[in-house]
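Dear colleague,

I am passing on to you the structure that I have been looking through, and I would be glad if you opened it beside this message as you read.

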Amino acid sequence: MRYHDSVNVLHELCHHSEHSHARSPFDRAEWYQLLADTGLTPLIAIAGDADNAAAIALTEDSGHITPLRNWYSFTWRQLAPAGEQGDRLLREIAQHLKSRGHRVTLEPVPDEDGSSARLAKAFRNAGWRVSVERCDINHVLHLNGRSFAEYWAARPGKMRTTLKRKEKKVRVQVLEHFDEQVWADYERIYADSWKPAEDQPAMLRDFAAAEGEAGRLRMGIAYADDQAVAAQCWTVENGCAYIHKLAHLESHKKLSAGTTLTAALFEHVIDGDNVELVDFGTGDQPYKADWMEGIRHRYRIDCLDPRQPRAWLALAKRAAKAFTQKLAPGGLQS
């Protein structure tokens with residue numbers, strides 16, 4: 001068991017052929033390096049033996065350990081081989097983390113791959129008091145072999161009518177490489193849109209540039225009279241398309257350029273890249289349901305060490321909350 005304050009140690013682990021966990025942008029060592037470059041201090045916990053290694057990428061603050069992530073991360077999970085050996089190594093990490101802090105809070109952890117249940121079990125078996133609760137929603141689309149035309153035929157009638165009326169009012173371009181001018185247009189559109197200010201715009205730009213170099217970037221932009229009015233940043237990887245960012249100018253809202261551009265990108269990744277899944281990230285915004293057909297929950301795993309006095313207040317609050325829920329209507333069991 002060892003700790004590192006640099007993500008360099010993750011490069012070999014994440015790229016090892018036996019570690020199939022590195023299957024999304026948010027599992028790669030390069031992603032963690034981008035996060036570290038924003039000023040986050042890594043705490044990389046690694047346990048290994050002669051044949052296997054497992055790691056979790058963390059950061060810490062006054063004894064509270066949390067994931068190495070920011071709001072650009074759709075998910076966070078363990079970097080560990082599947083099976084009993086990986087479970088043993090994760091339990092070893094959980095056990096040793098007691099020497100670094102009194103509380104470990106992991107989020108947003110997926111469970112469609114078993115990550116949430118696996119991590120919760122590892123920390124419980126290591127003696128932590130563990131609470132698991134839903135913390136976010138992930139809208140997704142499973143194509144199940146459909147073409148774009150088949151997918152589009154199942155969209156709400158209002159959305160299909162909007163595209164039919166408005167698609168010729170804008171010119172759409174989808175790039176598979178990074179373009180400085182297009183990215184500048186995206187940043188200008190985003191700044192003038194309804195979206196909140198970017199937290200780490202330089203990180204997102206560096207990510208898009210790297211994804212473009214790797215051939216995974218799908219950058220969409222829509223023009224009206226040669227003015228860029230909508231832009232979106234997607235990536236494609238391992239049969240999945242990730243929708244990272246989208247924005248349009250409110251001043252040109254009547255053009256529905258966002259709808260036209262989104263439809264063009266869906267067609268590009270479905271018919272061109274033959275993806276099996278489209279991932280709309282976190283957040284339960286109503287408009288996402290028009291484009292997507294399924295939801296997946298994201299979980300918060302909160303672990304407290306009962307042997308450490310600093311954890312006692314939080315444990316008491318957790319117990320009080322559980323008691324209150326039992327007293328609520330429908331909470332008592334006969």
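What follows is an account of its pockets.

Please keep in mind that this is a predicted model, in which local features need pLDDT of at least 70 and side-chain atom pairs count only at pLDDT 80 or more, while totals for chains, interfaces and linings use all residues. Residues are numbered from 1 along each chain as its sequence is written, and side-chain values use heavy atoms, with hydrogens and water left out.

The largest pocket (an open set of points on a 1 Å grid over the protein atoms alone, where a 1.4 Å probe fits, with protein on both sides within 12 Å along at least five of seven lines) has a volume, the space filled by probe spheres set on points joined across faces, edges and corners, of about 630 Å³. Of its 27 lining residues, meaning those with an atom within 4 Å of a point, the closest to the centre are His 248, Gly 258, Thr 259, Tyr 287 and Trp 291. Helix H9 (257-272) is among the elements that supply at least two residues of this lining, and H9 gives the most, with five.

The second largest pocket has a volume of about 460 Å³, and of the 20 residues that line it, Lys 195, His 244, Lys 245, Thr 282 and Gln 285 lie nearest its centre. Two or more residues of that lining come from each of E10, strand E11 (277-282) and H10, with E10 giving the most, four residues.

With best wishes
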